[in-house]
Structure formats: C-alpha cells, structure tokens
Amino acid sequence: MNNAHAIILISSPDRPGLVAAVTDFINVNGGNIINLEQHVDKDQDTFFMRIEWDLTNFIIPREKISDYFQTMYANKYDMTFRLYFNDYTPRMAVFVSRMSHCLFDILARFTAGEWNVEIPLIVSNHEDMRWVADKFGIEYHVLKINKENKDETEAKQLALLKEKEIDFIVLARYMQILTDKFIESYPNKVINIHHSFLPAFVGAKPYHAAYERGVKIIGATSHYVTTELDAGPIIEQDITRITHRDSIENLVRKGQDLEKIVLSHAIEYHLNRRVLVYKNKTILFS
C-alpha cells in the first residue's frame, strides 16, 4: 500500500461554491487531492462528489477528520457524507447455495490479489460448496434454513458476521430471501447478482423459459439488497445478444459468464468506494 488516502462521498442540495468549499477543507489542512469527481442531478437539484486525497501532510488526525468535516462543512451545506481510508482492508462474507460459478470467480480474483479484501468465511444453506472453501482455505459454515427456522437461523448468521467483523456481504447465487431485519443490519452492504429476465421469467428455470420465448438479449444485474425484493439500487449490469442458434445450454453458459463479470465489477466498485447510493439509485464514479 502506498501513502494512505482518505475518500469522502458526498451528497447535498445543489448550490454554488460546494466544490470550492470541499477542496478548501483539504487544501488548508495540508492535503494533496488525488482524484475529484462531481455530478449534479438537475431533476433532483442534488450535488454529488467523490474526492480522494493524500494524508501524508494532512494536519487533522484521521480519527478526527469526520468530526471536523461535519462541524465545519457538512452542517453548513446540509451535506450527507461517508469517509473511508484506502489502507483499511474490508472484510467480506460470501453467501452461496449450490451454484459455484460466481463463488469460483470471486475466490480466483481474491487469490490473485486483484482486490484489497479479506474473506473470513463463506456461509451456505447446503454442504455442496464446502470442498471449494476447503480448496481456498476459507471457513465454511452451513446453516440450513427453512420457513420454520428462518428467524433463528438468520440470528445465528448475524452473530457469526458480527464475530468475524464483517463489513459487507456478497450473495454469490444464494437462493434465499433475506428478512427485513437482516437487510437493515447491513444497509447498502449486501450485494446480490441475478439474471436480468426478471420480472418476465421467474422461477427455477428462467433460461429455459427465455429460450422458449425466443429472447434475443440476455443479461445480468448486480444491486444492493433492500427490503423490496430485487428492487434495490443497481450497481452494474451487462448484456449479450443471442440467436436462434443458441441452445439452452449456451444461454445458461453465457448468462453465468455475465453474472460472474457483473458481480465482480460491482464488488470492485464497492471496494474502491466508487458507489454513492441516493434514494433508490446509485451514482457510480469512474
């Protein structure tokens, strides 16, 4: 890791002087700005910013930056903000059921050192993927869940996540609906992936249904999980075209390839603190 950087994601009502105010906070305190992006949503009359700066000569201690910024700028300009540091390594839990493609892709990228992240555990409702976890030397916890024990099992999951100090969760084709209580424990910190046939093709075999309908495009969507099923803020999407020559097997293979890529992009955006959630949409900074 190079010199430590601080990152602030900001949203506020739009008004003149916001960029100058934030950059002034950094400049007068000895910071060196590394990256700055800003956007104004004219429909919402809302200002968004991501700014990153080098802390080498910054005179405010890092543990006091949030308080200083809140008092001196956020209160004055009605800003909502989140502060992050690039030398902190987030801790990610992966939830999986029986499909391995997204799990393998995540663990391959993790092992290759593509991401600054730790994966202390994998949680599942089936034994099927234990051998994958063993192969990568990661704890694997099976907590079988059904309608009768859902609250009890989720309580165990949450206790386990707290014990392992988990920062965010990735649902790598985890085929269970999370309760509101679980989701509210990790707001905008649970990332899901699914095919983009919803709501047209629901059920266990969406690719078969899409094949029968003769669809020409398939895709994948990754989003933050909210209490409204599959309707959370979208982080990343992608598509690929298909033709009458594609078999059901080809559709499944192409769809799973998209799921892996889209999910990995969403995780990377999240890890690099480039996603700002506003209402039920996201601002993605490049």
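**Close-up views of a predicted model**

**View A. Phe 48 is a buried residue, with a relative accessibility of just 1%.** What you're looking at here, and in every view below, is a predicted model. Tyr 278 also belongs in this frame: its relative accessibility is 19%, and because buried means under 20%, Tyr 278 counts as buried too. How these two residues relate to each other comes up in the next view.

**View B. Aromatic rings pair up in this model, and the count comes to 13 aromatic pairs.** Take Phe 25 and Tyr 73: their rings meet edge-to-face, with 5.3 Å from centre to centre and 70° between the planes. Phe 25 sits in helix H1 (residues 18-28) and Tyr 73 in helix H2 (residues 65-77), so this pair ties together parts of the chain that are 48 residues apart in sequence. Phe 25 and Tyr 73 are both buried. Now back to Phe 48 and Tyr 278, which also make an edge-to-face aromatic pair, at 5.2 Å centre to centre and with 75° between the planes. That pair links distant parts of the chain: Phe 48 belongs to strand E3 (residues 46-54) and Tyr 278 to strand E12 (residues 275-278), 230 residues apart.

**View C. Which residues do ring pairs link into a cluster?** They are Phe 25, Trp 53, Phe 58, Phe 69, Tyr 73 and Phe 81. Another ring to look at is that of Phe 85, where Arg 62 lies over the face, 4.2 Å from the ring centre.

**View D. Residues 7-91 carry the UniProt annotation "domain: ACT", from an unreviewed entry.** Over that stretch, 28% of the chain is helix and 39% is strand. The C-alpha atoms at the two ends of residues 7-91 are 18 Å apart. Zoom in on Asn 29, which you'll find in the loop between H1 and strand E2 (32-41). Is Asn 29 buried or exposed? With a relative accessibility of 10%, Asn 29 counts as buried. Setting aside residues up to four places away in sequence, Asn 29 touches Asn 57, Phe 58, Ile 59 and Ile 60.

**View E. Met 92, Ile 106, Ile 122 and Leu 263 touch the most other members of the largest nonpolar core, which has 37 residues.** Helix H8 (residues 248-271) supplies the largest share of this core, with seven residues. Follow Leu 263 for a moment. Leaving out neighbours within four places in sequence, Leu 263 is in contact with Cys 102, Ile 106, Val 170, Ala 172, Ile 191, Asn 192, Ile 193 and Ser 222. There's also a second core, separate from that one, with 23 residues, among them Phe 47, Ile 51, Ile 60 and Met 79.

**View F. Pro 206, Tyr 207 and Ala 210 are buried residues of helix H7 (residues 206-213).** Look down the axis of H7 and its buried residues fall within an arc of 95°, so they line one face of the helix. What do the buried residues of H7 pack against? Their partners are strand E9 (190-195), E10 and H8. Just past the end of H7 comes Gly 214, with a positive phi of about 75°.

**View G. UniProt, in an unreviewed entry, puts the feature "active site" at Asp 230.** Where does Asp 230 sit? You'll find Asp 230 in the loop between strand E10 (217-224) and strand E11 (234-241). Its relative accessibility is 36%, so Asp 230 counts as partly exposed.

**View H. Asp 78 and Lys 279 each have a positive phi without being glycine.** For Asp 78, phi is near 55°. Asp 78 lies in the loop between H2 and strand E4 (80-85), and its relative accessibility of 53% makes it count as exposed. For Lys 279, phi is likewise near 55°. Lys 279 lies in the loop between E12 and strand E13 (281-284), and at 60% relative accessibility Lys 279 counts as exposed.

How values were computed
Residues are numbered from 1 along each chain as its sequence is written. This is a predicted model: local features need pLDDT of at least 70, side-chain atom pairs count only at pLDDT 80 or more; totals for chains, interfaces and linings use all residues. Side-chain values use heavy atoms; hydrogens and water are left out. Rings of Phe, Tyr and Trp (its six-membered ring) pair if their centres lie within 6.5 Å; planes under 30 degrees apart count as stacked, over 60 as edge-to-face and the rest as tilted. Helices (H or I, at least four residues) and strands (E, at least two) are DSSP runs, numbered from the N terminus. Buried means under 20% relative accessible area, exposed over 50%, partly exposed in between (1.4 Å probe, protein chains only). A charge sits over a ring if NZ of Lys or CZ of Arg is within 6 Å of the ring centre and within 35 degrees of the ring normal. UniProt positions are given in the numbering used here, feature names are shortened, and annotations may be inferred rather than shown by experiment. A nonpolar core is a set of buried Ala, Val, Leu, Ile, Met, Phe, Trp, Tyr and Cys residues joined through side-chain atoms within 4.5 Å. Contact means heavy atoms within 4.5 Å. The arc is that of the directions from the helix axis to the C-beta atoms.
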